[in-house]
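Trainee: I would like to go through this model with you, one question at a time. Please give the reasoning before the result.

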There are 4 protein chains.
Amino acid sequence: MNKKREVHASVKDERLVMKRRDQMIRGAVALFKKKGFHRTTTREIASAAGFSIGTLYEYIRTKEDILYLVCDSIYDQVRDRLQGMDTSQGTLESLRLGIAYYFKIMDEMQDEVLVMYQEVKSLTKDALPYVLKKELEMVGMFETLIMRCQENGELDIDSHHVHMLAHNIFVQGQMWGFRRWALRKQWTIEEYISIQTDLLFSGIKGYKTTVGTGGER
Amino acid sequence: MNKKREVHASVKDERLVMKRRDQMIRGAVALFKKKGFHRTTTREIASAAGFSIGTLYEYIRTKEDILYLVCDSIYDQVRDRLQGMDTSQGTLESLRLGIAYYFKIMDEMQDEVLVMYQEVKSLTKDALPYVLKKELEMVGMFETLIMRCQENGELDIDSHHVHMLAHNIFVQGQMWGFRRWALRKQWTIEEYISIQTDLLFSGIKGYKTTVGTGGER
Amino acid sequence: MNKKREVHASVKDERLVMKRRDQMIRGAVALFKKKGFHRTTTREIASAAGFSIGTLYEYIRTKEDILYLVCDSIYDQVRDRLQGMDTSQGTLESLRLGIAYYFKIMDEMQDEVLVMYQEVKSLTKDALPYVLKKELEMVGMFETLIMRCQENGELDIDSHHVHMLAHNIFVQGQMWGFRRWALRKQWTIEEYISIQTDLLFSGIKGYKTTVGTGGER
Amino acid sequence: MNKKREVHASVKDERLVMKRRDQMIRGAVALFKKKGFHRTTTREIASAAGFSIGTLYEYIRTKEDILYLVCDSIYDQVRDRLQGMDTSQGTLESLRLGIAYYFKIMDEMQDEVLVMYQEVKSLTKDALPYVLKKELEMVGMFETLIMRCQENGELDIDSHHVHMLAHNIFVQGQMWGFRRWALRKQWTIEEYISIQTDLLFSGIKGYKTTVGTGGER
DNA sequence: GATGAATGAGTCTTCATTCAT
DNA sequence: CATGAATGAAGACTCATTCAT
């Protein structure tokens, strides 16, 4: 179901492939963060990974493969950590905690998120969908979280709004990463979480609107 | 005050410089949108602009100058159009209209916003501040809009929150551009405006909270 | 009719393109002769041609283009010189002179012929036909020469044999080039011409055979 | 006398060396035929031979060794089969049969001959003589065949011409291989043999000439 | 003896930039 | 001012060869 886009490796030993790719990804993330994908050379990546250019190419076919591997891996990490979120409760408190949890992850993975965020668009047209799907899956997790609250009667929110809310939460998490230059000057991650949660929740709290193109109340 | 970073041109005729740069920017935006800054060559830009590579370099010094010119120009356009916003009223309704207005601009300038959004990070460290400052200016416009409401008593919102709210609005505008792939499938710009406004306003409406890690009050 | 396979050049000036390509071909032939196509680098070709690697690529797209250009040019030279052959007479003497003329050309163009002979097979599948067609054209010239004699009653030869004879003549010309290592030790070009002509003619002279698999008289 | 150029093998077991090299040569011929020596990688050869790249290098020292081994082996095969020719008779008929026999071999070994033909020139200067010597040996076999006829009085041919005739026969055999693209369209191997024999023999039959640049007698 | 992962020199090709006309 | 030919540094990728297991 979660069909991955396979990246060809000449080396057969699966365990070795995983190990080397891990080294590679670590090195690449550091470099991409500093100079971006295009300004980073494959040689630099190889040497940051601790092996030769020849070895690098035993584990990938093209430079773009590295980018895909990097993005894919970051998404996986984020998603995996997100799985730790308690999605079963269906209480406002658990939603709040979920958001805080996610924002914290985004804070801890700042570099990775920034890199991924800035470089996904460099992915080839054929790799992009795989990554985008993962993003939607994550948005979906927040959607579930919110709907669970609604089913539980803890929340009264137009169903059209649920999806948007999930998107907003997701983007606000990323925003902490990609607008660091502005946000970090004013707030700590704790403050950011607190304020954003307030802003989000004070609205969710049962305010009713008439849906439609442009009007409420 | 608005010290611009000057881009050197060999040509003296100011009017001509502006004309040529305009052609150049138009061509570059189209190309950057399709292939990104790094995958676009200076020759392509020159030819899209309608002149030779030699001529191109009469009006810029390096390829990065073009990127700066492009970003700068897009920000200027957005800001100029944003000036049309009525910021004096200080009513919730005018805030709402302001947001709708801004989102509409973002929709109309989709391509430009997308380009700018994806490529600012490619700007050299010395050009970035100039562009970032413009972004903050725009955020500032929303801040003013919101504070005007508060001064008017139309809004009761923690002053810490005002700045964040302004950022959120700004990002949500961009979001319509850079998350097109997901959002466009579900909503028209009108729906997007309506829903986001609802979500924003229903929260602004005076909800007070005590919960939170780094809570206030 | 003689549709050439176009090799793309970035430079527009047709005269310049011809001049540069000529330099390029000269340099390439010398190098190919010494080291073969595959062992010659594009840099070497550029520098043998008297310009930089960047300039080289203004006049071709890939290294294979050079090979095609080289082969094509050599064939053209041979064919052009071959046009000087008097094909109208239809006498045995003129046939003899034609052969001598061709063998002399092969001798003078030794290097080129050797190169071409050894490297055509490296041409890409799409370039090969263009070159092969030229070879057949030249074979055709000998065929004409022979048939003219027959029409004139100077020669009595089975029409099946005419084509083969033309091929043989053509190959024997090349043979002087590609078997230099053996032939040169024993004969001068004049001797080679004389002996081969004898061998050829003593057979043409009206000997009759019953066609079929293996038997005559 | 037939000093072979030794190719170093790390493996001691002579029988194994021969077996492995045989596998190697078979694989290499198939690949060289399709892509040529230079475009074939050692890995491909190893895998076509059925073993690993590491193993390959246990039986050779450099890639060129493979080429030498391949050429050497092909020449050996041709020569071995040529030994089957009856060289003792000294009759025109046996000469004719010898030629037919040789052409048939060339037909059956088309691929090998083509490969060898196209790639000998890639042999290093130090390997070439060994291979060329074999070629001359084969030419020598035809020379013997012809001279036997002359001694027998079956043939009256200038002794200068004998050597050339032998060369011609040899080249015409190869020609059936390397000009397949043109010849196969028109003749079967039987027809080719028949016509070439006719052409050859009708000339040998005692024609005397005085004309020619470097004429004899 | 066999394996295949590691190596890095070497190759083709691109492209920003210059400068003579 | 405009042009476009020339330049060469730099980058992606390959592949023959080695060597530890």
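Trainee: Which residues are the closest to DNA strand F?

Mentor: This is a predicted model. In it, 40 residues surround DNA strand F. Sugar and phosphate make up 66% of the strand's atoms that come within 4 Å of the protein. The closest residues are B:Thr55, B:Tyr59, C:Arg20, C:Gly54 and C:Tyr59.

Trainee: How many Å separate a phosphate oxygen of DNA strand F from an N or O atom in the side chain of C:Arg20?

Mentor: Polar contacts are counted for N or O pairs within 3.5 Å. The side chain of A:Tyr57 has an N or O atom 2.7 Å from a phosphate oxygen of the strand. For the side chain of C:Arg20, the distance to a phosphate oxygen is 2.4 Å.

Trainee: Which residue has a backbone N or O atom 3.1 Å from a base nitrogen of DNA strand F?

Mentor: The elements giving two or more residues to the surface near the strand include α1 (14–39) and α3 (53–59) of chain C. The atom in question belongs to the backbone, and its partner is a base nitrogen. The residue is C:Gly54.

Trainee: How many residues of the surface near DNA strand F are charged?

Mentor: By class, that surface has 14 nonpolar and 15 polar residues. The charged residues number 11.

Trainee: What relation links chain A and chain B?

Mentor: Chain A superposes on chain B with an RMSD of 0.1 Å, after a rotation of 180 degrees and a shift of 0.1 Å along its axis. The relation is therefore that of a two-fold axis.

Notes:
Residues are numbered from 1 along each chain as its sequence is written. Chains are lettered from A and ligands numbered from 1 in the order in which they are written. This is a predicted model: local features need pLDDT of at least 70, side-chain atom pairs count only at pLDDT 80 or more; totals for chains, interfaces and linings use all residues. Side-chain values use heavy atoms; hydrogens and water are left out. Copies are superposed by least squares on the C-alpha atoms of residues with pLDDT of at least 70 in both. A residue is near a molecule or strand if one of its heavy atoms lies within 4 Å of it. A polar contact is a pair of N or O atoms within 3.5 Å; within protein, one must be able to donate a hydrogen and the other to accept it, and residues adjacent in sequence count only if both atoms are side-chain atoms. Helices (H or I, at least four residues) and strands (E, at least two) are DSSP runs, numbered from the N terminus. Ala, Val, Leu, Ile, Met, Phe, Trp, Tyr, Cys and Pro count as nonpolar, Asp, Glu, Lys and Arg as charged, and the others, Gly among them, as polar.
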